[in-house]
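Let's take a walk through this fold, one piece at a time. Keep the viewer open and turn the model as we go.

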Amino acid sequence: MRVLILDDSADDRETINRTLKRLEVFENLSVAEAASEAEGFAEIDRAMPDCLLLDNALPGRNGLEMLNEIHLWHPSLPVVMITGSGDERVAVEALKRGADDYIPKADLNSDALVAAIEQAVAKKRGEAEIIRRAQYDPVTGLPNRAPFLDRLGDALARGQRAERPLGVASIVLTGVREIYPAQGEEAGDRALRGAAKYMAAVMRRGDMLARVGHTEFMAYVEGLPSNAPRGMSLVVGRWRAALDSDDPRQDLGAATLGLTVGIALYPTMGTTPEMLIALAKGERHRRQQEAR
């Protein structure tokens, strides 16, 4: 646990530091101190604390004003605001601006510090878990549709600046639906996790694979060569080889899985995420029809 104390009073910093170090509640506790806004942000940039104890009565911008910037640039940082004695107005405003808890200076003791820090850390962990569940598939751990769309937009902007092609793939994993009725949900989920694991393992850092339906995945591949269709064919070949190799058999539950893939290319076929996804899905549907 790393705690950062941001307070312009050396006496108050020493009191809080001494109180924290007497505690045996937090494992591997380390305490850093900062006396000004500039020192505080420098400490945060140097090593992100697990909790920030922020005094409101700072010179220059006060703690309330700093909260806006902290919440903007470090939204996952737990913050406990230290307020003047009995200043409920500041406490309420601090909570509105993103602080996770507050302590009046008159109440600074070991029990109050432990309770406030634990409350702030638990609150941020809970918020992070809600975001994770909203953005990631619980079975495979892959991103879902929403973050895929966001990051595809960013990737297209990079491709435009670099004048490099990008490929979008709509993928259906075949052979999984038959596992669920025959072997049960656990075996089916194991096959999905295994397929996602081995497909993602052969992708480059920066490219992205997402699960967007029961057996449906989407992917984008940045920085394709000038012969973009061949570049995407090589990627699809690596996916197929990964699923056909001996290594995945345990994860896939000895299932034989296949892929039906549709491809769309930027900029020759489309220039927006929605257009490329629609074209890739259309191509994949056509291939599915042909296979029937």
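## Starting from one threonine

Set aside the neighbours within four places in sequence, and T260 is in contact with S170, I171, V172, T174, R284, R287 and Q288. Bear in mind that this is a predicted model. T260 has its place in strand β9. Is T260 buried or exposed? Its relative accessibility is 15%, and since the cut-off for buried is under 20%, T260 counts as buried.

Now look at the strand across from it. β9 covers residues 258-266, and nine bridges join it to β6, with the two strands running antiparallel. If you want a spot to check the register, find L166: its bridge partner in β9 is Y266. Strand β6 itself spans residues 166-174 and is mostly covered, with eight of its nine residues buried.

β6 has another partner too. Strand β8, residues 216-221, pairs with β6 over six bridges, again in the antiparallel sense. Here the residue to click on is G167, which stands opposite V221 in β8. While you're looking at strands, a general point helps: in a regular strand the side chains alternate between the two faces of the sheet.

Stay with β8 for a moment and pick out Y220. How many aromatic pairs does a search of the whole structure find? Just one turns up, and it is formed by F148 and Y220. The pair is tilted, at 5.7 Å centre to centre and with 40 degrees between the planes. F148 lies in helix α6 (residues 145-162) while Y220 is in strand β8, so the pair ties together parts that are 72 residues apart in sequence. Both rings belong to residues on the covered side of the cut-off: F148 is buried, with a relative accessible area of 1%, and Y220 counts as buried at 3% relative accessibility.

Next, swing round to the N-terminal stretch of the chain. There you'll find an open sheet of five strands, paired in parallel, in the order β2-β1-β3-β4-β5. Which strands stand at the edges? They are β2 (30-34) and β5 (101-104); each has a single partner strand, so one side of each is left without a neighbour in the sheet. On average, neighbouring strands of this sheet are turned by 20 degrees against each other, direction ignored. For β2, the partnership is with β1 (residues 2-6), in the parallel sense and over five bridges. Within that pairing, L4 has A32 in β2 as its bridge partner.

Helices lie across this sheet. α1 lies across β1, β2, β3 (51-55) and β4 (79-83), and runs at about 175 degrees to β2. Helix α4 (residues 88-96) lies across β4 and β5, running at about 160 degrees to β5.

α1 also has a helix to pack against. Helix α1 (residues 10-22) meets helix α5 (residues 110-135) at an angle of about 80 degrees, their axes 10 Å apart. That angle makes α1 roughly perpendicular to α5. Zoom in on the contact and you'll see I16, T19 and L20 from α1 meeting S110, L113 and I117 from α5. Sorted by class, this contact has four nonpolar, two polar and no charged residues.

Note on methods. Residues numbered from 1 in each chain as written. Predicted model: local features only at pLDDT ≥ 70, side-chain atom pairs only at ≥ 80, totals over all residues. Heavy atoms only, no water. Buried < 20%, exposed > 50% of the residue type's maximum accessible area, 1.4 Å probe, protein only. Helix = DSSP H or I, 4+ residues; strand = E, 2+ residues; numbered from the N terminus. Pairing = 2+ DSSP bridges. Axes fitted to C-alpha atoms, helices over the stretch in contact; angles between N-to-C directions. Parallel < 35°, antiparallel > 145°, perpendicular 65-115°, else oblique. Contact = heavy atoms within 4.5 Å. Nonpolar A, V, L, I, M, F, W, Y, C, P; charged D, E, K, R; others polar. Phe/Tyr/Trp six-rings, centres within 6.5 Å; stacked < 30°, edge-to-face > 60°.
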